[in-house]
Amino acid sequence: MLVYLHGAIRYTTLSDYETKSNLKYANTKYTKRADANDVVLVFPKADKNFNWMIGDEGFFMVPEIIKQIKSAINIDDDKVFVTGHSNGATGSFSYLMKQPTQFAGFYGFNTHPKVYTGGTFIENVKVRSFINFSTDQDYYFPPNANDTLNKIMDSIKADYKDYRYNGFPHWFPDFDEAEPAYDILFEDLSNRKRNPFPKTLQWEFDDNAHGTIDWLNTIKLDTVKTTKLSHKPINFKITKWLKLDDNDKAVAIDVNKKAFDFPRQSGRIVANYQDNVFTITTSKIASFNVYISPEMVDLSKPVKVIVNNVLVFEKIIGYDEAFMIDQWNTNMDRSQLWVNYINITLD
């Protein structure tokens, strides 16, 4: 399943339903490839009040839509993807930054890679992947900034790629020359699969609403906590930005701005598991749950949890039927199934 997020959310209105007349321009490039690859396409609609970029009031929409579709159609739970253009591409990037658990990969055309509702913790990219299709005449995010971000992503070994197309403006997806970009997207989508039980997780957030990543669930912040561990989000300066002149031509102007905003303090957690042992380090974290699957541990043996070099849990864990049913009703994920959980509260 591929969810396409449209742009211009500040100027659109919600409608009762979408019709084929709406699926024009770049969307036709998606539909023909989706038909050829047995991909279910989803086209949500947003407006300035309920959307995937500015404000969190509508951020629930895409996950809830996916859940409802799964209740009716046999979707591969490890092959659910998000793409979009402009504000929609920023929305795709935002789901990667804030709520990526149910997705396998993310794509964006002419993306502004920034979270508008809080901090942009770009190391979160490492839990999944992002492919961006950028242009050299884009007023939405300057090519030099993309170049800097690409270097940073490479330095942190993130699964992040940027394909640059020269000579095209912000509405690049509508051009015939964009066809190869769609081929890249669908080739990646066909070959990529979510790992529902990754052995290593790294997550940073500044809002408890987004304190979940795979088997680390309901992580809660404690930003007044003193800690020996330090973490500082990555940021960089942008000095040039493109602006449309009176002839609709992109010209460079001087700016002095940071790529990302960090309005709140954040917490960070790094975790891995091996041989029934979970080893976790935290910074500014009050509590969290470790979700358990028999795909991860041997349930006939004790499970250990070590947090900040201290053994905080050691016990054999069984199946919790009520919890399993609740998780199924919440997520409808047949691949990432949880049978029990361990609650860890830190002093």
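A salt bridge here is a side-chain nitrogen of Lys or Arg within 4 Å of a carboxyl oxygen of Asp or Glu. By that yardstick, Lys32, Arg33, Glu179 and Asp183 are linked in a network of salt bridges. Keep in mind that this is a predicted model.

**Salt bridges**

Searching the whole structure turns up 20 salt bridges. Three of them are worth a closer look, with their N to O distances:

| Acid | Base | Distance |
|---|---|---|
| Aspartate 183 | Arginine 33 | 2.9 Å |
| Aspartate 78 | Arginine 194 | 2.9 Å |
| Aspartate 147 | Arginine 164 | 3.0 Å |

Start with the pair that belongs to the network. Aspartate 183 sits in helix α5 (residues 179-191) and arginine 33 in helix α1 (residues 26-36), so distant parts of the chain, 150 residues apart, are linked. Buried or exposed, where does arginine 33 fall? Arginine 33 counts as buried because its relative accessibility is 10%, and the cut-off for buried is under 20%. Aspartate 183, at 43%, counts as partly exposed.

The aspartate 78 pair joins two loops. Aspartate 78 lies in the one between α2 and β3 (81-84), arginine 194 in the one between α5 and β7 (200-205), so parts 116 residues apart in sequence get tied together. Aspartate 78 is buried at 9% relative accessibility, and arginine 194 is buried at 4%.

The remaining pair spans 17 residues in sequence: arginine 164 is in strand β6 (residues 160-165), while aspartate 147 is in helix α4. Arginine 164 is partly exposed, with a relative accessible area of 27%, and aspartate 147 is partly exposed too, at 32%.

**Nonpolar cores**

The largest nonpolar core holds 40 residues, and the members touching the most others are Trp52, Val62, Tyr95, Phe103, Val125, Met153 and Phe236. Elements that supply two or more residues to this core are β1 (2-5), α2 (61-70), α3 (87-98), α4 (143-155) and β9 (237-244). Leaving out residues up to four places away in sequence, methionine 153 touches Ile122, Val125, Ala158 and Tyr160. There is also a second, separate core of 34 residues, with Phe278, Leu299, Val303 and Leu346 among them.

**Helix α6**

What caps the N-terminal end of α6 (residues 321-331)? Aspartate 320 does, with a side-chain oxygen 3.3 Å from the backbone nitrogen of alanine 322. After α6 comes methionine 332, with a positive phi near 50°.

Note on methods:
Residues numbered from 1 in each chain as written. Predicted model: local features only at pLDDT ≥ 70, side-chain atom pairs only at ≥ 80, totals over all residues. Heavy atoms only, no water. Polar contact = N/O pair within 3.5 Å; in protein donor to acceptor, adjacent residues only side chain to side chain. Helix = DSSP H or I, 4+ residues; strand = E, 2+ residues; numbered from the N terminus. Core = buried A, V, L, I, M, F, W, Y, C linked by side-chain atoms within 4.5 Å. Buried < 20%, exposed > 50% of the residue type's maximum accessible area, 1.4 Å probe, protein only. Contact = heavy atoms within 4.5 Å.
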